[in-house]
Amino acid sequence: MKETFSGSGALAAKFRTLAPSMTRSMHRVAEAVAGDPAGCAKLTVTALATRTGTSEATVVRTARLLGYPGYRDLRLALAALAAQQAAGAPAAVTANIAVDDPLPSVVAKLAHDEQQCLADTAAQLDLAQLEAAVGALATARRTDVYGIAASSLVAQDLVQKLLRIGRIAHAHNDPHLAVTNAVQLRPGDVAVAITHSGNTHDVIEPLRAAFDHGATTIAITGRPDGAVTQYADHVLTTSTSRESELRPAAMSSRTSQLLVVDCLFIGVAQRTYDTAAPALSASYEALAHRHTPRRNHAR
């Protein structure tokens with residue numbers, strides 16, 4: 001069952017996250033309710049279908065994809081969103097970066113987009129799923145993390161963090177190596193797949209192998225309806241800013257993925273503090289001399 005979002009911020013985040021995976025007719029419904037929440041909150045399901053040139057069934061399917069049991073629940077959320085906007089909350093506007101934008105404008109647009117990504121991800125993150133994922137990682141005998149291309153950088157970040165607090169973790173960006181390691185996992189182990197699209201075969205294949213062998217599986221993805229979720233015990237959904245020619249999804253998704261990784265790491269460190277704190281201190285001490293300027297001694 002999909003989660004129900006009561007907060008207007010979470011609703012707006014859901015619109016932005018799921019819009020790329022909707023059908024054209026569902027996209028028209030989503031655009032209408034996102035663009036005019038106050039007006040759409042007053043419409044019956046029939047009236048909204050007429051306004052968007054779709055069917056009542058499409059309107060209901062869109063509401064359910066967004067996480068609501070039915071259209072009535074969506075109307076209530078739209079009313080809350082309209083009230084927030086009327087109270088003066090800033091509208092979520094994403095401006096594309098143009099090839100001739102001056103650098104100060106690029107900095108401002110990137111900062112705005114990344115702030116929005118983080119806010120959207122935090123608003124829609126399923127805390128029950130996050131709690132369960134933290135619990136699995138905190139007690140895992142071993143953790144394998146899979147990611148390709150930009151997501152492989154996020155996978156390595158998670159593994160490095162876990163290693164610093166004494167956890168056994170491995171990052172695999174070679175698809176063959178990932179699968180051969182995944183078949184060695186057993187109950188008590190954890191496998192994490194990171195894929196913005198939710199449909200990256202080289203990430204799904206090892207996660208499926210880990211799932212089939214009894215490991216607890218976690219998916220960090222921007223598409224909660226993606227194929228990767230079929231083999232995930234826990235799904236953590238990320239958001240992303242609008243794609244543009246100069247900023248593809250691989251870039252914009254990384255920010256929200258890193259937020260989820262940080263949440264997982266802090267959660268595990270809290271639960272394993274008695275062993276995590278000494279391990280973290282030991283790692284700091286082992287590297288301290290590498291961050292101290294060397295003095296030149298006269299001979």
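Good morning. I begin with strand 1, residues 143-147, which is joined to strand 3 by five bridges, the two running parallel. Please bear in mind that we are looking at a predicted model.

Within this pairing, the residue standing opposite A191 of strand 3 is D144. Strand 3 also pairs with strand 4, residues 216-221, again in the parallel sense, here over six bridges. In that second pairing, V192 has I218 of strand 4 opposite it. To pass from strand 3 to strand 4, the chain goes through helix 11, residues 201-212, and the resulting β-α-β crossover is right-handed.

Let me now turn to the surroundings of strand 3 itself. How many of the residues of strand 3 are buried? The strand spans residues 190-195, and six of its six residues are buried. In a regular strand, side chains alternate between the two faces of the sheet. Here, V190, V192 and I194 lie on one side, A191, A193 and T195 on the other, and both faces are covered.

The end of this strand leads us to S151. This residue is located in helix 9, which comprises residues 150-164. Is S151 buried or exposed? Its relative accessibility is 10%, and because buried means under 20%, S151 counts as buried. Which residues does S151 contact, apart from its neighbours within four places in sequence? They are I194, T195, H196 and Q257. Of these contacts, I194 and T195 belong to strand 3, on its opposite sides.

To conclude, strand 3 pairs in parallel with strand 1 and with strand 4, while S151 of helix 9 contacts I194 and T195, among others. Thank you.

How values were computed. Residues are numbered from 1 along each chain as its sequence is written. This is a predicted model: local features need pLDDT of at least 70, side-chain atom pairs count only at pLDDT 80 or more; totals for chains, interfaces and linings use all residues. Side-chain values use heavy atoms; hydrogens and water are left out. Helices (H or I, at least four residues) and strands (E, at least two) are DSSP runs, numbered from the N terminus. Buried means under 20% relative accessible area, exposed over 50%, partly exposed in between (1.4 Å probe, protein chains only). Contact means heavy atoms within 4.5 Å. Two strands pair if DSSP finds at least two bridges between them. A crossover is right-handed if, with the strands pointing away from the viewer, the path from the first strand over the helix to the second runs clockwise.
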